[in-house]
Amino acid sequence: MGGKQSKLPSDSTNTRDALMNGSSDVTLTDEIVSDVYPNSPVTRTRTVIEKEVKRRSFAANHLVELFQEEPILPTVSAYLPFMLSDAIFVGHLVTDLDSIAGAIGAAELYGGIPARASELNSETKFALNYWGMSAPPPIEELVVSQPNAGICLVDHQQLSQVNKCIDPDRIVGVIDHHALQNSTIVTERPIYIDIRPWGSMSTIIAHTYLVVQKRPRKCVAGMLLCAILSDTLNLLGPTTTTYDKMMVAILCKLCDVVDIDKLATAQFRAKSQELELLTAKQLCQGDMKVFNYNSTNFKGTIGFAVIETTDDDIILCRYKELLENLEICKKESNLHLLYLAVVNIVKLHSNLLILGDNEYDLALKSFPILENTDRNSLSNTIQENNDNDNKHKEMIECIQNGIKDKKIMHLGNRVSRKNDYIPQITKVINNDGWS
């Protein structure tokens, strides 16, 4: 690494801050990437993710030296939870990249077997292919072939997200980064629990590798890296912590990623790739979670689905079709309320599809208009497009009608179900007495 080399502070508090945030004298002398076009004066500003990784480059190099090529140090391995050895590690239903990468990383770390709870999405397939890994086997097969193995849930702990083939008596652990909100699993005996308020469950796994000084294989480090990028929206999402940023910097070193922005762009393109081809039903139910409430004035269930895309126009112009399927899903699932948020993962804003009067009333109270946000302004919803083709005009007109009819509600820069949506809804129901 060129430029001035900094020394880490001697006291523990300052050392931690320097490692996590980047030492104060490791500055970005070059905010402009000048080698994009070698034979041209054209330059570009570093992206946020490039800046965060660059800022922690020295600390990452320092920490990578702690990883051991050989097995974990005996003095440390003695404290690893014995019940996770030979366990099956599996994520939630409607499997995403974090639950797959976390299962793979945890299985290698603790000496178990990774599994998948459902079919893979396009983003997860991209990451597996990019790092040359095979998809974990279905959990349905492993619970039969490994009848004596315990099961560790990763990236979830709510019963509604647990694959139905899993016997609760076999659960020996939970590794997660979500709040304990409702319908959490109940076990007959104590189990291993590791829940941290970080942006990605894979950050927890990567951090544990560092703590026990075990070096993950390059392909495993790559999967963990991609999962953190996915869950934190390229370190731009509201759930992102300094731990996520530091682990991304370290994992880049471990799996030899030089151009992090190029990897992130390719991954997010893959994430949106299949959305155009999905039916309205698949879009509505692809990433839906159910939350149960038992407050004084409201006792019922609320479903909240999310679609993350790089082009929200294509999704929003199908709002009538989506609302029809949401109504069917609401009845079939016996839900009291059901929402669908369409999140633009590039521009970091979202829009909420409103099914009925009750959904509208709760949303209006839960998501007050943000400063500089006009819910009726088309500029907040439609992507910038200089093309005057008829198709784009039809999309504009369609989405404009949805806004006028109060079927599409702009939520500004709220983009996280875990951090922005459910906590606000819960506050209005529990604290403000919504009914």
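# Exercises on a predicted model

The protein chain averages a pLDDT of 85, and 82% of the residues score at least 70. Here pLDDT is the predictor's confidence in each residue, from 0 to 100. This is a predicted model: local features need pLDDT of at least 70, side-chain atom pairs count only at pLDDT 80 or more, and totals for chains, interfaces and linings use all residues. Residues are numbered from 1 along each chain as its sequence is written, and side-chain values use heavy atoms, with hydrogens and water left out.

## Exercise 1: low confidence

Find stretches where the pLDDT is below 50.

Step 1. Residues 1–10 are one such stretch; beyond near neighbours in sequence, it has 19 contacts in the model. Contact means heavy atoms within 4.5 Å.

Step 2. Residues 383–387 also have a pLDDT below 50, with 10 contacts beyond near neighbours in sequence.

## Exercise 2: the parallel sheet

Work out the strand order of the open sheet with parallel pairing, then place helices on it.

Step 1. The 5 strands run in the order 4-3-5-6-7. Strands (E, at least two residues) and helices (H or I, at least four) are DSSP runs, numbered from the N terminus. Two strands pair if DSSP finds at least two bridges between them.

Step 2. Strand 4 (113–115) and strand 7 (192–195) are the edges; each has a single partner strand, so one side of each lacks a neighbour in the sheet.

Step 3. Neighbouring strands are turned by 20 degrees against each other on average, direction ignored. Axes are lines fitted to C-alpha atoms, for helices over the stretch in contact, and angles run from 0 to 180 degrees between N-to-C directions.

Step 4. Strand 3 (residues 88–90) joins strand 4 in the parallel sense over 3 bridges. Val90 stands opposite Ala115 in strand 4.

Step 5. Helix 5 packs on this sheet and touches strand 3, strand 4, strand 5 (151–154), strand 6 (171–176) and strand 7. The direction of helix 5 makes about 170 degrees with that of strand 4. Helix 8 (residues 201–211) also packs there, on strand 5, strand 6 and strand 7.

## Exercise 3: a helix pair

Describe how helix 5 and helix 6 pack.

Step 1. Helix 5 (residues 97–110) and helix 6 (residues 122–130) pack at about 35 degrees, axes 9 Å apart.

Step 2. From helix 5, Leu97, Ile100 and Ile104 meet Glu123, Thr124, Ala127 and Leu128 of helix 6.

Step 3. These contact residues divide into 5 nonpolar, 1 polar and 1 charged. Ala, Val, Leu, Ile, Met, Phe, Trp, Tyr, Cys and Pro count as nonpolar, Asp, Glu, Lys and Arg as charged, and the others, Gly among them, as polar.

## Exercise 4: the mixed sheet

Trace the open sheet with mixed pairing.

Step 1. Its 5 strands have the order 8-9-10-11-12. Strand 8 and strand 12 (408–410) are the edge strands, pairing on one side only.

Step 2. Strand 9 and strand 10 (residues 337–344) run parallel, joined by 8 bridges. Ile307 has Val342 in strand 10 as its bridge partner.

Step 3. Helix 17 packs on the sheet, touching strand 8, strand 9, strand 10 and strand 11. The direction of helix 17 makes about 25 degrees with that of strand 8.
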